[in-house]
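Visitor: I would like to go through this model, starting with the ligand and then turning to the backbone.

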Amino acid sequence: MTIERLLGIQSPLIQAPMAGSQDSRLAIAVAEAGGLGSVPSALMSPDQLVEEIAAFRRATSAPLNVNFFCHVPPEPDAAREAAWRASLEPYYRELGLDQSAIPDGPGRAPFTHDLADLLDGDPPPVVSFHFGLPAADLVARVKGWGAVVLASATTVEEGQWLAENGADVVIAQGWEAGGHRGMFLTTDVGTQVGTFALVERLAGSLGVPVVAAGGIATATGVRAARTLGAAGVQVGTAFLRSSEATTSPVHRATLASAAAGTTAVTHLFTGRPARGIVNRIMREIGATGAEPPAFPLAGAAIAPLRTAAESHGSSDFSPMWAGQNAIAAREASAAEITEELRSAL
Ligand SMILES: Cc1cc2nc3c(=O)[nH]c(=O)nc-3n(C[C@H](O)[C@H](O)[C@H](O)COP(=O)(O)O)c2cc1C
């Protein structure tokens, strides 16, 4: 069966779920233009998630992908948190902020039975996971809905593991990709694989379709992915400047500038490696410098800096997730971007 039929879409183009940069509007626009729209749950409350799914369903009868993280929440480590806060203290002083008032979050919620309960009555036809797969009973529950299960692999071993453990489609997330690395069998960023090699190694060898992700932002990139054997593509960064994305003003402005040409993988913003546009804190601490608290706890102490700086139009402390081809992201409607990418499929 083709991946288009499996997913119930016209062209094998998946709009990458992008927590913090989109809601149902982007998903609706891409779905209406013939791709697969995705709603990311990681930064939404359960009520928000239910509302975004309902908004999608009110707008279109196209299939929807709902995306979940499936990390194991860490035990807080007071010493590591204290060291992290100490390394941020000069910035707190500079911005006139007080570390004694740091609130919790922004946490990222993993997939749980409680979340599955919310979807039970009217489950989405497609569910995608990042950071591996949830526990086997949860995977079985999602499959019991009849949902197609997608999951991201960043190495050949991860692709094999996902195919053997319930993924119906494997997303080959190359090193070029924006946002969090979906890595789950390794923590070694030095051995992460580029899109070219990963897609070519995985395509045709897993027994399930392989979708290419990472650095694909133009019709040329889509054609290259297909040539390498990808059954489809998942595209994120190319949609960040679309009118339907909720990309923040500083992120949008930076994407439109020459700075978008320089991205790096950093653990500073959340505690897990993720690719974003290099900014002041990444330059000064080092993208993989310090030892921030484990994912997603690092975000709490960064958040007040980010809010204060952004209120002055500064991106100094903002995570600006973007892939290595961010410079190709253009300001257009999501339908126009979808049409361009679809033309190569
Ligand atoms: C702003 C942003 C947010 C992201 N958030 C998520 C997410 O919530 N869930 C997820 O599975 N992947 C997320 N990703 C990664 C994408 O699924 C995908 O791997 C990536 O966008 C592909 O590379 P590209 O950005 O170069 O197209 C995000 C990527 C970006 C750019």
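Visitor: Of the 22 residues around the ligand, which come nearest?

Guide: This is a predicted model, in which local features need pLDDT of at least 70 and side-chain atom pairs pLDDT 80 or more, while totals for chains, interfaces and linings use all residues. Residues are numbered from 1 along each chain as its sequence is written, and side-chain values use heavy atoms, without hydrogens or water. A residue counts as near the ligand if one of its heavy atoms lies within 4 Å of it. Those that come nearest are P17, N67, G215, G236 and T237.

Visitor: How do the residues of the shell divide into nonpolar, polar and charged?

Guide: Ala, Val, Leu, Ile, Met, Phe, Trp, Tyr, Cys and Pro count as nonpolar, Asp, Glu, Lys and Arg as charged, and the others, Gly among them, as polar. The shell around the ligand divides into ten nonpolar, twelve polar and no charged residues.

Visitor: How far from an oxygen atom of the ligand does a polar side-chain atom of T237 lie?

Guide: A polar contact here is a pair of N or O atoms within 3.5 Å. A backbone N or O atom of P17 lies 3.3 Å from a ligand nitrogen, and a side-chain N or O atom of Q173 is 3.0 Å from a ligand oxygen. For the polar side-chain atom of T237, the distance to a ligand oxygen is 2.5 Å.

Visitor: Which strands of the open sheet are the edge strands?

Guide: Strands are DSSP runs of E, at least two residues long, numbered from the N terminus, and two strands pair if DSSP finds at least two bridges between them. The open sheet has three strands in the order β7-β11-β10, with antiparallel pairing. Pairing on one side only marks the edge strands, β7 (179-180) and β10 (263-266).

Visitor: In β11, which residue is the bridge partner of T266?

Guide: β10 and β11 (residues 274-277) pair in the antiparallel sense over four bridges. In β11, the partner of T266 is A274.

Visitor: Which peptide bond is cis?

Guide: P296 is found in the loop between α11 (280-285) and α12 (298-311), helices being DSSP runs of H or I with at least four residues. The cis bond, with omega near 0 degrees, runs from F295 to P296.

Terms used
Polar contact = N/O pair within 3.5 Å; in protein donor to acceptor, adjacent residues only side chain to side chain.
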